[in-house]
Amino acid sequence: MKTNFVNSLVKYFIEKNYFNLINSNAESLDFSGEAAALIRIYQGATVFLEIIDADRYEDEQLMRIMQNGAAMLENINGGNAYIFKLFLFDKEPGDEKLNIIENGQKDIIPDKKFLKGISVYISSKSVRKHFNEPAFDAYIVRSVKKFFSKGLEQKETSVEDIHKLLEKRKKDFEIQLKAKTPWVTYGLIAANVLVWLALRLLSLKTGETYGNLLVPYGAKVNSLIMEGQYWRFISAMFLHSNEVHLLLNCFSLYLLGTQVEKLFGHIKMTAVYFAAGLMGSVASFAFSPNASVGASGAIFGLMGAMLFFAIKRPSLMKSSFGANLVTILVVNLVYGFMNAGIDNSAHLGGLVGGFLTTGVVYASKEETSKDKILRIAALVLLAAVMLGGVYYSFGNEQNKYFNKIAELESYNGQSSYTEAETLAEQILSQNPKSASIKISVLSSLITAEYSQGKYNESEEHSEELLKMKINDDIKTQTLWNLCLAELSQGSAKFYEAEEHANLLIKLSPEHGHFMLGVIYYNTKDTNNLDKAKEELQKAKELNSPNIDAINNMLTNIEDMQNSK
């Protein structure tokens with residue numbers, strides 16, 4: 001008799017492979033006299049699994065078992081069904097029994113219905129499939145191998161253990177709603193719409209575009225938060241960039257908010273929503289320099305709440321509910337990372353915030369001391385992540401220098417080059433660790449120095465910038481500025497300017513050929529006029545943006561050559 005082995009194997013399939021007993025009444029859990037029959041739905045297919053103590057049966061009885069399976073297969077309505085007979089042998093039997101199993105298998109291919117046999121040899125801890133097609137076996141073979149590898153065949157498992165597992169699974173699906181009507185969700189949707197409507201009306205009244213009103217009325221702008229406008233952490237949650245953004249977020253809020261509110265109640269849903277939204281704003285403040293608006297962080301927090309709820313109920317997590325939830329979450333995150341305009345920091349921050357906040361507010365009737373400890377741990381972790389994010393944000397170099405860099409760019413834009421040079425040197429003297437900050441400041445400093453006629457300093461800083469890891473656009477602009485600085489120093493820098501112009505040609509031919517033509521043209525050497533003409537013609541053919549200057553120089557070259 002293999003009672004304990006069968007009990008352990010049945011429990012394993014129920015717990016790990018999400019099978020259910022076809023008859024789960026307490027009195028039907030004795031498998032000592034008959035086979036254990038299990039069922040599950042897997043990717044749209046119905047899978048029946050019968051675990052049979054094959055050593056108890058003679059050849060004729062095994063043949064009848066396979067015949068009964070074939071009859072059952074034919075009587076199944078519809079298609080896409082699998083019946084697996086799992087025969088348990090103490091050791092490998094004779095060929096007669098194995099032939100009965102193999103020959104008794106049945107395929108109804110048009111309906112995708114299959115009866116298949118699998119043998120388990122307990123003494124050698126091995127498994128044998130009696131078929132090659134279809135390849136699908138509902139992971140039964142792999143599960144049996146794992147069962148052996150973990151030594152579970154030696155573990156004592158009683159009927160009571162299986163009964164407790166089934167009761168626990170039943171409770172996972174018993175969901176008591178805490179709220180009948182999701183008033184908070186409806187209120188949040190209404191608030192989002194009203195804020196959008198108010199800004200639209202204000203836009204019509206003032207003549208200011210809707211987009212330009214987002215910053216003054218609460219968008220998350222790092223520089224303004226650094227100045228003390230902390231209310232923007234919350235206000236940004238109620239602003240949306242356009243009607244499509246508003247519609248998508250309100251629809252998502254309706255789908256998720258109604259579920260979370262019914263599961264957790266009005267107060268807890270409110271706590272999750274605003275904590276997640278705040279965490280999303282903090283994460284965006286910490287890791288994204290761009291202005292942002294939207295309720296997406298809070299909505300991802302609602303996904304985090306649903307994820308926590310599913311994890312607390314393992315059977316629910318392993319069901320289609322858990323699979324669908326994880327799929328939706330992954331798709332949204334991947335979509336966010338594939339689109340540059342989406343604030344992924346806010347999404348991830350909101351997800352973490354919602355998950356941890358749910359860990360704090362979640363309570364069950366059967367809460368254990370371990371559950372209480374986990375709630376406290378979630379609260380501590382939530383506070384640590386929130387405060388840590390705020391601390392990092394205000395110490396973050398990107399935010400620390402944000403206002404100064406904006407001021408620096410403003411000086412250059414207003415041709416206040418002396419002020420720009422002073423501010424740039426002040427920033428660089430503080431030795432910022434961020435390469436992007438150094439690159440931005442050096443670029444502005446080069447422009448300011450060249451514009452003041454400080455060609456030598458502009459040249460030195462251009463060469464310094466070229467030694468850094470910069471993208472092709474910045475490298476193109478830097479080579480351009482370097483050529484101008486060298487050209488402005490006269491014939492002494494002719495060869496350096498020529499060399500850098502040739503490097504510029506490789507990155508941007510239309511700019512490079514134009515610059516090389518200008519360098520040859522400005523040598524005032526008649527021997528270089530043909531070279532200048534050739535380079536300028538190439539730039540013209542490449543649709544250089546400097547077409548007017550090219551035409552003027554070509555005309556001058558023609559005049560100079562004709563005057564000889």
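Which residues does Ser-462 touch, not counting residues up to four places away in sequence? Keep that in mind while you load the model, which is a predicted one.

**Stop 1: Ser-462**

Select residues 455-466. This is helix α21, and Ser-462 sits in it. Now show what surrounds the serine. Ser-462 touches Ile-446, Thr-478, Asn-481 and Leu-482, leaving aside residues up to four places away in sequence. Is Ser-462 buried or exposed? Its relative accessible area is 0%, so Ser-462 counts as buried; the cut-off for that label is under 20%.

**Stop 2: strands β1, β2 and β3**

Select 20-21, 36-42 and 45-53. These are β1, β2 and β3. Start with the pairing of β1 and β2: the two are antiparallel, with 2 bridges. Label Leu-21 and you will find Leu-38 of β2 opposite.

Move to the other partner. β2 and β3 also run antiparallel, joined by 7 bridges. Here Ile-41 faces Thr-46 of β3 across the pair. The hairpin of β2 and β3 has 2 residues between the strands. Pick Gln-43 there: its phi is positive, near 50 degrees.

Next, colour β2 by face. In a regular strand, side chains alternate between the two faces of the sheet. The covered face of β2 carries Ala-36, Leu-38, Arg-40 and Tyr-42. Ala-37, Ile-39 and Ile-41 make up the uncovered face. Leu-38, which stands opposite Leu-21, is thus found on the covered face. Ile-41, the residue opposite Thr-46, is on the uncovered one.

**Stop 3: backbone details in the loops**

Go to the loop between β5 (106-108) and β6 (113-121), where Lys-112 lies. Lys-112 is not a glycine, yet its phi is positive, near 55 degrees. With a relative accessible area of 51%, Lys-112 is exposed; the label requires over 50%.

Step on to the loop between β6 and β7 and select Lys-125. Phi is positive at Lys-125 too, near 50 degrees. Lys-125 is partly exposed, with a relative accessible area of 44%.

The next loop runs between β7 (126-129) and α4 (140-149), and it holds Pro-134. Check the peptide bond from Glu-133 to Pro-134. That bond is cis, with omega near -5 degrees.

**Stop 4: helices α1 and α4**

Two packed helices are described by the angle and the distance between their axes. Select 3-16 for α1 and add α4; the axes come within 11 Å and cross at roughly 120 degrees. That angle makes α1 oblique to α4. The crossing is right-handed. From α1, the contact uses Phe-5, Ser-8, Leu-9, Tyr-12 and Phe-13. From α4 come Ile-140, Ser-143, Val-144, Lys-146, Phe-147 and Phe-148. By class, the contact of α1 with α4 has 8 nonpolar, 2 polar and 1 charged residues.

**Stop 5: helices α23 and α24**

Finish with 494-507 and 509-521. How do the axes of α23 and α24 cross, and within what distance do they come? They cross at roughly 160 degrees and come within 6 Å. The angle makes α23 roughly antiparallel to α24, since the cut-off for that term is over 145 degrees. The crossing is left-handed. Show side chains on α23, including Phe-494, Ala-497, Ala-501 and Leu-504. On α24, the contact residues include Pro-509, His-511, Met-515 and Ile-519. The contact of α23 with α24 divides into 11 nonpolar, 4 polar and 1 charged residues.

Terms used:
Residues are numbered from 1 along each chain as its sequence is written. This is a predicted model: local features need pLDDT of at least 70, side-chain atom pairs count only at pLDDT 80 or more; totals for chains, interfaces and linings use all residues. Side-chain values use heavy atoms; hydrogens and water are left out. Buried means under 20% relative accessible area, exposed over 50%, partly exposed in between (1.4 Å probe, protein chains only). Helices (H or I, at least four residues) and strands (E, at least two) are DSSP runs, numbered from the N terminus. Two strands pair if DSSP finds at least two bridges between them. Axes are lines fitted to C-alpha atoms, for helices over the stretch in contact, and angles run from 0 to 180 degrees between N-to-C directions. Angles under 35 degrees count as roughly parallel, over 145 as roughly antiparallel, 65 to 115 as roughly perpendicular and the rest as oblique. A crossing is left-handed if the near helix is turned anticlockwise from the far one by less than a right angle, and right-handed if clockwise. Contact means heavy atoms within 4.5 Å. Ala, Val, Leu, Ile, Met, Phe, Trp, Tyr, Cys and Pro count as nonpolar, Asp, Glu, Lys and Arg as charged, and the others, Gly among them, as polar.
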